[in-house]
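Take a moment with the sequence and the model before reading on. The paragraphs below walk through them step by step.

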Amino acid sequence: MNYWLFKTEPDAFSFDDLLQAPNQTEIWDGVRNYQARNLMRDDIKKGDLVFFYHSRIPEPAIVGIGKIAKAGYPDHTALDPNSKYFDAKSEEKGESRWVMVDIKAYRRLKRVVTLKEVKEVSDLAEMKLVQKGQRLSIQPVSEYEWKIICELGGVTKL
DNA sequence: GCCAACGTTGGC
DNA sequence: GCCAACGTTGGC
């Protein structure tokens, strides 16, 4: 079992949107960064748990937990000329060079854990989230960090 | 293969 | 909305 953190701008797609999706499951498409893609392709497995992080808002925060419902598979939006995620290079090749996963809502945190709080906890100082210049939209989270944040979020039992 | 120009991310 | 930090692109 591995743990991850996915960033999203809630104006575009929020944890509430995931809760309201059919079967509370949605494709995680549109990732166009090689590092993030490689994590989805190689390391993210069905059943892994994911912190849902809301970025680019006045108080960025971890708000919920999702579970990987389907491991990495080709992101077909790269081949769809009508998609905002269309990728000409994938089309040239005839196959998508990008990867997506399916994620299912699992648990809302009882309390959101803000970026500010994460920065204040010395045991979380190593988290990618709080490293300077870290923009990766999909990040690994250690089991230790996972537990601390669950505790801060009021989630004691998964 | 270098690197300037450009585009994106995301906290503030 | 600004802008620093990054990632990608493409001419050479």
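Which residues of helix α2 (residues 34–43) are buried? They are Ala36, Arg37, Leu39 and Met40. This is a predicted model, and helix α2 is a good place to enter it. Look down the axis of α2. The buried residues cover an arc of only 155 degrees around that axis, which puts them on the same side of the helix. The spacing fits a general rule. An α-helix has 3.6 residues a turn, so residues three or four places apart point the same way.

What covers the buried residues of α2? The cover includes β1 (3–8), β4 (61–74), β5 (99–114) and β6 (138–141). Now look at the N-terminal end of the helix. Asparagine 33 caps α2 there. One of its side-chain oxygens lies 3.0 Å from the backbone nitrogen of glutamine 35.

Next, the interior. The largest nonpolar core has 22 residues. Phe6, Trp28, Ile44, Phe52 and Ile138 have the most contacts inside it. Several elements build this core: β1, α1 (15–20), α2, β3 (49–54), β4 and β5 each supply at least two residues. The most comes from β5, which gives four. Another core lies apart from this one. That other core has 20 residues, and among them are Leu5, Tyr53, Leu109 and Trp146.

Isoleucine 44 gives a closer view of the packing. Leaving out residues up to four places away in sequence, isoleucine 44 touches Trp4, Phe6, Leu39, Ile68, Ala71, Gly72 and Ile138. Leu39 is one of the buried residues of α2. Phe6 and Ile138 are among the residues with the most contacts inside the largest core.

Now turn to the DNA, beginning with strand B. Which residues lie around DNA strand B? They are Lys7, Tyr53, Ser55, Arg56, Pro60, Leu115, Lys119 and Arg135. By class, they divide into three nonpolar, one polar and four charged. Of the strand B atoms within 4 Å of the protein, 57% belong to sugar or phosphate, and the rest belong to bases. Two lysines reach phosphate oxygens of strand B with polar side-chain atoms. The distance is 2.8 Å for lysine 7 and 2.7 Å for lysine 119. Arginine 135 uses its backbone instead: a polar backbone atom lies 2.5 Å from a phosphate oxygen of strand B.

DNA strand C has its own surroundings. Tyr34, Gln35, Arg97, Lys132, Gly133 and Arg135 surround it. Of the strand C atoms that come within 4 Å of the protein, sugar and phosphate account for 75%. The surface near strand C has one nonpolar, two polar and three charged residues. Lysine 132 places a polar side-chain atom 2.9 Å from a phosphate oxygen of strand C. Arginine 135 turns up here as well as around strand B. Its side chain has a polar atom 2.8 Å from a base oxygen of strand C.

Where do asparagine 23 and glutamine 24 lie? Both are in the loop between α1 and β2 (25–28). Most residues other than glycine have a negative phi. Asparagine 23 has a positive phi, near 60 degrees. Glutamine 24 has a positive phi too, near 50 degrees. Asparagine 23 is exposed, with a relative accessible area of 59%. Glutamine 24 is partly exposed, at 31%.

Proline 81 sits in another loop, between β4 and α3 (88–93). Is proline 81 buried or exposed? It is exposed, with a relative accessible area of 56%. Not counting residues up to four places away in sequence, proline 81 touches Phe86 and Glu91. Arginine 111 is 30 residues from proline 81 along the chain, and their C-alpha atoms are separated by 40 Å.

Finish with leucine 158, in the segment after α5 (143–152). Leucine 158 is partly exposed, with a relative accessible area of 43%. Isoleucine 65 is 93 residues away from leucine 158 in sequence, yet the two are 9.7 Å apart in space, C-alpha to C-alpha. Beyond its neighbours within four places in sequence, leucine 158 is in contact with Leu49, Ile65, Tyr106, Arg107 and Trp146. Trp146 belongs to the core of 20 residues.

Definitions and conventions. Residues numbered from 1 in each chain as written. Chains lettered and ligands numbered in written order. Predicted model: local features only at pLDDT ≥ 70, side-chain atom pairs only at ≥ 80, totals over all residues. Heavy atoms only, no water. Near = heavy atom within 4 Å. Polar contact = N/O pair within 3.5 Å; in protein donor to acceptor, adjacent residues only side chain to side chain. Nonpolar A, V, L, I, M, F, W, Y, C, P; charged D, E, K, R; others polar. Buried < 20%, exposed > 50% of the residue type's maximum accessible area, 1.4 Å probe, protein only. Arc of directions from axis to C-beta. Contact = heavy atoms within 4.5 Å. Core = buried A, V, L, I, M, F, W, Y, C linked by side-chain atoms within 4.5 Å.
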